[in-house]
Amino acid sequence: MSGLHFDELWKVRLLDPDASARTQELKDECKNFTEKMDRFQQLVDGFIEVINKLAKCVEEEKLLAIGSRNSIKSMEKHRESVQQQLHALIMEKRVQLERQAKE
């Protein structure tokens, strides 16, 4: 129903009082929803920040682990090299010993 309406204070209104009340209720619900969405966005932003910090820590630990693994591999190769050198030295000494024993 359109036309002029009077509120409880007898002021002239263009909207029906029920429509006006529903409009105000919708406005309040929208404001409440917007506030909840803002709070949700803050929570999400905080969560993303925590996850990014955690990812950075994980990446640092991963790099440390890779470095440690490479260091261990290097030490293993060095140990094998030293072992081969010692084995060659032993063989050389045996040959010298055999030569001296024949003399």
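This dialogue goes through a few features of a predicted model.

Q: Which secondary structure elements does the protein chain have, and in what order do they run?
A: Begin by listing the elements, then follow them from the N terminus. The protein chain comes to 1 helix and 2 strands, and from the N terminus on the order is β-β-α.

Q: Is the protein chain spread out or a compact globule?
A: Set the radius of gyration against the value that the globule rule gives. The protein chain has a radius of gyration of 42 Å, while the rule gives 13 Å for 103 residues; 42 Å is well over that, so the chain is more spread out than a compact globule. Along its principal axes, the C-alpha trace spans about 135 × 20 × 10 Å.

Q: What share of the residues is buried?
A: Buried means under 20% relative accessible area. Of the 103 residues in the protein chain, 3% are buried. The chain exposes about 10000 Å², and 60% of this comes from carbon and sulfur atoms.

Q: Where is Gln 100, and is it buried or exposed?
A: Find the element first, then compare the area with the cut-off. Gln 100 is in helix 1, which covers residues 17-102. Exposed means over 50%; the relative accessible area of Gln 100 is 56%, so this residue is exposed.

Q: How far apart are the C-alpha atoms of Gln 100 and Lys 27?
A: The two residues are 73 residues apart along the chain, and their C-alpha atoms are separated by 108 Å.

Q: How many positive and negative side chains are there?
A: Count each set, then compare their centres. The protein chain has 18 positive and 19 negative side chains, with the centres of the two sets 12 Å apart.

Technical notes
Residues are numbered from 1 along each chain as its sequence is written. This is a predicted model: local features need pLDDT of at least 70, side-chain atom pairs count only at pLDDT 80 or more; totals for chains, interfaces and linings use all residues. Side-chain values use heavy atoms; hydrogens and water are left out. Helices (H or I, at least four residues) and strands (E, at least two) are DSSP runs, numbered from the N terminus. Buried means under 20% relative accessible area, exposed over 50%, partly exposed in between (1.4 Å probe, protein chains only). The radius of gyration is taken over C-alpha atoms; the globule rule is 2.2 Å times the number of residues to the power 0.38. Accessible areas come from the Shrake-Rupley method with a 1.4 Å probe; for residues, only the protein chains shown count as cover. Lys and Arg count as positive and Asp and Glu as negative; His and the chain ends are not counted. The place of a charge is taken as NZ of Lys, CZ of Arg, CG of Asp or CD of Glu.
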